[in-house]
Amino acid sequence: MNEIGTYLKKIHILLERRRNYEYREYGLTSTQLDILEYLYFNKTGKNSLSDIAAFFGVQHTSVIHVLKILDRKELISRGESPKGSRCKPILLTQKGRGIIQSHLCCNTGLSSLLLAGIPEGDLQILEKSLCRIYQNLEDNPPDRLDFDNKT
């Protein structure tokens, strides 16, 4: 069994569970908050459906569902684009900005909890290693033909 992969999966599950618990006071899931934070902090101006899907490495359909919910909650608005719906700029409303700003003011301590007991030098190594793992996976997507030929 791949222990590193197993630990990464377990960490992801626990993080999502904890974040969903902590953000319930805002009526948001961690995924919804991730998109709001992306829109708040993204200074490149790349904030269309396609940009968001590419940033998070997910399909457009996954983002569409979350955007519809955020739109119903009046946390985002959509601009116009002659290129089509995937290129429409997505913007935070004042209500959405307010949630992110209040979220930033209320440190949940999750980062402190995650990194407790890890020396500063080890944190740099951990971050570089996790980035390398991500890049390895990103640079080498599975090829359907390889799987078909191995049967």
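A residue counts as buried when its relative accessible area is under 20%, as exposed when that area is over 50%, and as partly exposed in between. By that rule Arg19, at 12% relative accessibility, counts as buried, and in this predicted model the side chain of Arg19 takes part in salt bridges with Glu16 and with Asp34. The chain as a whole has 151 residues, of which 26% count as buried, and its secondary structure comes to eight helices and two strands. The points below set out the overall fold, then the charged and aromatic side-chain pairs, and then one backbone feature.

**Overall architecture**

- Read from the N terminus, the elements follow the order α-α-α-α-β-β-α-α-α-α, so that the two strands stand between four helices on one side and four on the other.
- Among the contacts made between residues at least 6 apart in sequence, 49% join residues that are at least 24 apart.
- The chain exposes about 11,200 Å², and 56% of this area is supplied by carbon and sulfur atoms.

**Salt bridges around Arg19**

- The count of salt bridges in the model comes to three, and Glu16, Arg19 and Asp34 are linked with one another in a network of such bridges.
- Within this network, the side chains of Glu16 and Arg19 meet at 3.1 Å, taken from N to O; because the two residues are three apart in helix α1 (residues 3-23), they are separated by about one helical turn.
- The side chains of Asp34 and Arg19 meet in a salt bridge at 2.4 Å, N to O, and this pair links distant parts of the chain, with Asp34 in helix α2, Arg19 in helix α1, and their positions 15 residues apart in sequence.
- Glu16, which lies in helix α1, has a relative accessible area of 19% and is therefore buried, since the limit for that class is under 20%.
- When its neighbours within four places in sequence are left aside, Glu16 is in contact with Ser30 and Thr31.

**The salt bridge between Asp71 and Arg78**

- A further salt bridge joins the side chains of Asp71 and Arg78, at 3.8 Å from N to O, a value that falls within the 4 Å allowed for such a pair.
- Both partners are partly exposed: Asp71 has a relative accessible area of 36%, and Arg78 stands at 37%.

**Aromatic pairs and their cluster**

- The structure holds four aromatic pairs, among them Tyr38 with Phe55, whose ring centres are 4.8 Å apart and whose planes meet at 45°, so this pair is classed as tilted.
- Because Tyr38 belongs to helix α2 (residues 30-41) and Phe55 to helix α3 (residues 49-56), the pair ties together parts that are 17 residues apart in sequence.
- Phe55 also pairs with Phe56, and in this case the arrangement is edge-to-face, with 5.0 Å from centre to centre and 90° between the planes.
- Tyr38, Phe55 and Phe56 form one aromatic cluster, whose members fall into separate accessibility classes: Tyr38 is buried at 8% relative accessibility, Phe56 is partly exposed with a relative accessible area of 30%, and Phe55 is exposed at 52%.

**Charged groups over aromatic rings**

- The charged end of Arg24 sits over the ring of Tyr21, at a distance of 3.9 Å from the ring centre.
- Lys43 lies over the face of Tyr40, at 5.8 Å from the centre of that ring, which is within the 6 Å limit applied to the distance between a charge and a ring centre.

**A backbone feature at Glu74**

- Glu74 has a positive phi of about 60°, although this residue is not a glycine.
- Glu74 lies in the loop between α4 (60-72) and β1 (76-78), and with 53% relative accessibility this residue counts as exposed, the cut-off for that class being over 50%.

Terms used. Residues are numbered from 1 along each chain as its sequence is written. This is a predicted model: local features need pLDDT of at least 70, side-chain atom pairs count only at pLDDT 80 or more; totals for chains, interfaces and linings use all residues. Side-chain values use heavy atoms; hydrogens and water are left out. Buried means under 20% relative accessible area, exposed over 50%, partly exposed in between (1.4 Å probe, protein chains only). Rings of Phe, Tyr and Trp (its six-membered ring) pair if their centres lie within 6.5 Å; planes under 30 degrees apart count as stacked, over 60 as edge-to-face and the rest as tilted. A charge sits over a ring if NZ of Lys or CZ of Arg is within 6 Å of the ring centre and within 35 degrees of the ring normal. Contact means heavy atoms within 4.5 Å. Accessible areas come from the Shrake-Rupley method with a 1.4 Å probe; for residues, only the protein chains shown count as cover.
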